[in-house]
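Me: I am new to this structure. Please take me through the terms used for it.

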Amino acid sequence: MSVAAQLTAFQRLQLLLTRHAGVRRIWLFVRWLLMLAVTFIGLLGVTFFIGRKIPIDPLLAMLGERASAQAYATARVALGLDKPLIVQFLIYVRDVLHGDLGMSLLTSNPVIDDIKRVFPATLELATLSTFIGIVIGVPLGLAIGKYQRVRDLFMPVVEILRPIPAIAWVPMSIMLWPNNEASIVFITFIGAFFPILLNTIHGVHSLDGVLIRAGRCLGASESRLLLNVILPGSLPHIFTGLAVGMGVAWVSLIAAEMISGQFGVGYFTWEAYSLVNYPAIVLGMITIGVLGLACSGIIRLVGVLMMPWLAFAPGSKQ
Amino acid sequence: MTMAVTNAEVQKGFIDVRDMGVTFGANDNKVVAVDNVSLNVQPGEFVSLIGPSGCGKSTLLSIVAGFVQPTHGEATLDGKAITKPGSDRGVVFQQYSLFPWLSVRKNVEFGLKMAGVEQSKRNVTARSLLDLAGLLSFENHYPDQLSGGMKQRIGIVRALATSPQVLLMDEPFGALDTQTRVVMQEILTNIWQQFKISVLFITHDIEESIFLSDRIYVMTARPGRIKAEIKVPLPRPRRAEMTDTPEFASLVQELKGLIREESLAAMAPEIKDRGLSGFGMKVGPKGVGEIF
């Protein structure tokens, strides 16, 4: 009897995975999709059951206290609230899969419309703030890393301001800027700025000195050295800073939106709480999660495109 | 090729180091790295500087390259004092110093780009130099895709791209295995003969210094001084078989004797610190026993 014949189906499957890189990659992707699906169904379940089990009767909220018993009953049947919970949930999931997130039971707007309305603002604010963070953080980081004098001038200030969380800037920011939008951008910028700055400085410091000497020997002036050797050499660290900065910026942005009471997914989620609209709270959370994932994905993608040489660097996965 | 050599250029590339001294630190931590060194490299000459590790030979090269300022004395290139790094002196480092974010060809082009040479000309020069190094087919690779020997060959032609008058080499083959090293030495002599360029070559490998050089300076252990100056009368072009000749062997013997004394002197404190003196290590005349 051959060895292969003695293997169970499961063992054969395992062998397939270890031997074929292509199969393994597909499996990893499928697993990732499954995990994503489970997470989302879980969140949808929470959304749904909380929405249905809250002590406030959604029908009362919709129709008002003085609605007739007749109208009440009709609405109840129309919304499918007379069916068992599990059936209601399956209908809900089906609707979600069709891109229909259902009606907000409290505002009577389709939830998907609510989300569509608020999320572009959040993305705009996040992009703008991170962009300002890069434009100020990277050149300042390069200068601090390279020149002792600039370091002596700025580092004490940086060390004092850095431990202050972006959210602690809210009162100051409101007083400092003319409108809510500018305040939010400022707060989010603060979140993105310090990780970008510190990682850029670290990138300059960890650059192999022989590369700088090589650049000088090949006739690079100070400014060209900065642009052609120090900047590209620090790029991997700058992108690390960008990924971390984006994460912190995201946290700060959502919190600032919640406080501002005017823009974005953060505001949407907070408003849903004020209106006791539990499904919208969870949908807001899911949206925040997905957008955050997309943002860090974009940064990683840009990093790979801008630094193709890293694929061959020692210690890379090849 | 843009760096075709004319007779006028052959006369350039005269390195003169006079009464050079370098001291690091101050007061109690003062370390004299190089003490009262004078040496020169004639135009088109290949000169090696050999000595035990820590004797300040790399410091000397750093001064000629313009990275370090001497405490006293001066270094000149064609009569002009050396104050800062410049593309008139090509430098090849011991560590791999190619820019990992640039392709092989862009690395070779780097010096020309800094000099403001236009893209099409840079491209032609870089390609002809890569062809010379036998690496034209790797022009679009990144340095991290290449072996150590390939990287150093590219390092050499990158240093030559700006047509410098001298080439300064700081143990460029130190990190390579023996077989690669021997091949690299032959490649270097070929390149050197084509370019007729002055070379100051730092090494601690005796055979390497004899095989490559016209003249060898032997340095003492710290503080580094010039202990001896030896001419290498072997004919050119040099070939690998030459290392088996009696002339070569006697030069190796002579240099070995000179270096051994200095290596032992340099290591004496370490050996003492580790308590090896108690092991009765007596290795004949000028051996460990004599030092203690």
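Short questions and replies follow.

Reply: This is a predicted model: local features need pLDDT of at least 70, side-chain atom pairs count only at pLDDT 80 or more, and totals for chains, interfaces and linings use all residues. Residues are numbered from 1 along each chain as its sequence is written, while chains are lettered from A and ligands numbered from 1 in the order in which they are written.

Me: Why are β9(B) and β10(B) called paired strands?
Reply: Strands pair if DSSP finds at least two bridges between them. Five bridges join β9 (residues 215-219) to β10 (residues 226-231) in chain B, so they pair. They run antiparallel. B:Tyr217 stands opposite B:Glu229 in β10(B). Six residues lie between the two strands of this hairpin.

Me: What makes up chain A, helices or strands?
Reply: Helices are DSSP runs of H or I with at least four residues; strands are runs of E with at least two. Chain A has 14 helices and zero strands.

Me: What share of chain A is buried?
Reply: Of its 318 residues, 31% are buried. Each of those has 20 or more other C-beta atoms within 10 Å of its own, with C-beta atoms placed from the backbone.

Me: How many residues of each chain take part in the contact?
Reply: Chain B gives 21 residues and chain A gives 17. Residues are in contact if their C-beta atoms, placed from the backbone, lie within 7 Å. On the side of chain B that touches chain A, α3(B) gives the most, with three residues.

Key: Buried ≥ 20, exposed ≤ 12 C-beta atoms within 10 Å, placed from the backbone. Contact = placed C-beta atoms within 7 Å.
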